[in-house]
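Please look at the structure below and pay attention to its surface. The text that follows walks through its pockets.

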Amino acid sequence: MKKFITIALAAALASPVFAAEQKQAPEHPPRLVLSVFDFSGKVPKDTKSLKLSRSNKNLRLCWYTLDTPVKETALVIEEFTSPKGGKFISPNMTTQSSNNNTRHVVTRNKHKSVNSEYVETCWTFDKRDPIGQYSLAVKVDDIHFPALKFSIEK
C-alpha cells in the first residue's frame with residue numbers, strides 16, 4: 001500500500017493541475033495576533049502591548065487572524081484561562097466556565113471580513129475582572145491557534 005501512495009503522490013506532484021493548486025495556497029500559514037488597542041480616537045490604535053489597565057475604559061484586548069481563509073460565517077471558539085473569579089459575557093455567544101471560574105470556553109459564529117481573510121474580536125475588562133495573568137487560545141473553524149498570554153492590571 002505504501003508503494004501505491006508514493007506513486008500516486010509522485011504522479012500528482014508532476015501533474016499541471018496539482019501545480020496550479022499549489023500556487024493558490026496562502027503564502028503564509030494562518031496566524032493569530034493579540035494586542036491591546038486604544039479606542040479613544042476615531043481610529044483604534046494598536047498599543048503593541050499585552051498589558052491592559054482595567055481602569056482605562058478606552059483600552060480593549062483584541063485579537064485577529066492573518067492569512068486565514070474563512071467562510072461567510074466562521075465558528076469561533078475562544079478558550080481563556082484567568083485568575084479565580086473571571087467571567088466572560090457577550091451577546092450572541094455561549095460560555096462554559098469551570099467551577100472556580102479559571103477556565104472559560106466561549107463559542108460563537110463570527111462574520112468574515114470584507115476580504116474573506118480574517119476574523120477579529122475585542123474584549124473590554126473592568127474593575128470586576130481579576131487582576132493577573134491570562135491566556136487565550138482560539139479556534140476558527142478547523143484552524144487551532146496556540147494560547148497567547150496577556151495580563152490585566154489595576
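The paragraphs below take two pockets in turn, giving the volume, the lining residues and the strands that supply them.

The model is predicted. Begin with the largest pocket, which has a volume of about 370 Å³. It is lined by 15 residues, and those closest to its centre are K87, F88, I89, T124 and D129. Find these five in the sequence, then locate them in the model.

Which strands supply at least two residues each to the lining of the largest pocket? They are strand 7, covering 103–111, and strand 8, covering 120–123. Strand 8 gives the most to this lining, with three residues. As for the character of the residues lining the largest pocket, six are charged, five are nonpolar and four are polar.

Now turn to the second largest pocket, with a volume of about 160 Å³. The residues that line it are F37, F39, P44, C62, W63, Y64, Y118, E120 and C122. Strand 4, which spans 59–66, and strand 8 each supply at least two residues of this lining. Strand 4 has the largest share, three residues.

How many residues of each class are in the lining of the second largest pocket? Eight are nonpolar, one is charged and none is polar. Glutamate counts as charged, so E120 is the charged residue in this list.

Strand 8 is worth finding in the model, as it supplies at least two residues to the lining of the largest pocket and at least two to that of the second largest pocket.

Technical notes
Residues numbered from 1 in each chain as written. Predicted model: local features only at pLDDT ≥ 70, side-chain atom pairs only at ≥ 80, totals over all residues. Heavy atoms only, no water. 1 Å grid on protein atoms, 1.4 Å probe; cavity = no way out; pocket = protein on both sides within 12 Å on 5 of 7 lines; lining within 4 Å. Points joined across faces, edges and corners; volume = space filled by probe spheres on them. Helix = DSSP H or I, 4+ residues; strand = E, 2+ residues; numbered from the N terminus.
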